[in-house]
Amino acid sequence: MKIGILSRSIRLFSTKALKEAAVARGHKVQVIDHLKCYMDITSHKPAIYYKGEKLEDFDAVIPRIGASTTFYGTAVVRQFEMMGVYSLAESVAITRSRDKLRSLQLLARKGIGLPVTGFAHSTHYTDDLIKLVGGAPLIIKLLEGTQGIGVVLAETQQAASSVIEAFRGLNSNILVQEYIKEAGGSDIRCFIIGDKVVASMQRSGKKGEFRSNLHRGGHASSVKITPAERTTAINAARIMGLNVAGVDLLRSNHGPVVMEVNSSPGLEGITNATNKDIAGKIIEFIEKNAAPGKTRTRGKG
Ligand code: ADP
Ligand code: MG
């Protein structure tokens, strides 16, 4: 097969691992910087150009679109879809997963366990909003944050309302969430391929840190998940319409709750923590599922 990896750089761990896994299985691979693609969207034959050449004859693309390039990156994926090229992640599923509010609403509608979460535009009823999610301590999150940046733990009612007002004053969209204290600064990343959890790891924040993100100094180790956690993770990925996803769960007193679903989950942490060939399994999934014109990967379930 001829596979394109949409990524800003071949030096990124996940991009390199996917390329090597595909080449090892006899495929031709081109790493394409999506920001350098330009497109003909008007003609009857939609086309994408890259470095002066037309991108042709791809059997599949693997989007590895960073949060800062979602807008243009998903436009490039959409263009591949218009050309009938199979994408491992459908453009609309990537867009869905990047907006925390939209994702949580979709998951809530299907009965997935979530932390109690509130959202408001105006700051007029901030105290009421805080009460709605159970009062302080609580978590305040930027809707489009990543790597733990933009996630704040407010210990008191006073701190919560000042942080909410400060974010709103900057015109940022935020959500307010029950603080799952019993998770103890750890979360569970379930790595989904198809309809299976192929690997899972527990991430724990460094001392004194409630955020478990590896980018914030957290560390990861392989973990055995419960059947309820497995079902929750698989359902969450399916509802988002993602073939490959990193579903992040917290172990709460009221069972597993989904924090977020990542559409471009990193391979480095999970590969190192579990010693599993995640990149190889992704390529294997593409071999089994890619087909010309198959551009609706999965609808939301
Ligand atoms: P990001 O997209 O920036 O990673 P997350 O929503 O995943 O944002 O939050 C970052 C980290 O903060 C999580 O990995 C988790 O450790 C912690 N966290 C987030 N929400 C909660 C919550 N409601 N209760 C307890 N800890 C939380
Ligand atoms: Mg996260």
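I began at Ile 5, whose bridge partner in S2 is Val 31. This is a predicted model, where local features need pLDDT of at least 70, side-chain atom pairs count only at pLDDT 80 or more, and totals for chains, interfaces and linings use all residues. Residues are numbered from 1 along each chain as its sequence is written, and side-chain values use heavy atoms, with hydrogens and water left out.

Next I looked up the pairing (at least two DSSP bridges between two strands). S1 and S2 pair in the parallel sense over 5 bridges. Strands here are DSSP runs of E with at least two residues, and helices are runs of H or I with at least four, numbered from the N terminus.

Then I followed the sheet outward. It is open, has 4 strands in the order S2-S1-S6-S7, and pairs in parallel. S2 and S7 (86-87) stand at the edges with a single partner strand each, so one side of each lacks a neighbour in the sheet. I also found helix H2 (residues 70-82) packed on the sheet, touching S1, S2, S6 and S7. Contact means heavy atoms within 4.5 Å. The direction of H2 makes about 160 degrees with that of S1; axes are lines fitted to C-alpha atoms, for helices over the stretch in contact, and angles run from 0 to 180 degrees between N-to-C directions.

My last stop was H1. Which residues of H1 are buried (under 20% relative accessible area, 1.4 Å probe, protein chains only)? They are Ser 14, Thr 15, Ala 17, Leu 18, Ala 21 and Ala 22. What covers them includes strand S1 (2-6), strand S2 (28-32) and helix H9 (278-289). After H1 comes Gly 26, with a positive phi near 85 degrees.

Conventions
Chains are lettered from A and ligands numbered from 1 in the order in which they are written. Buried means under 20% relative accessible area, exposed over 50%, partly exposed in between (1.4 Å probe, protein chains only).
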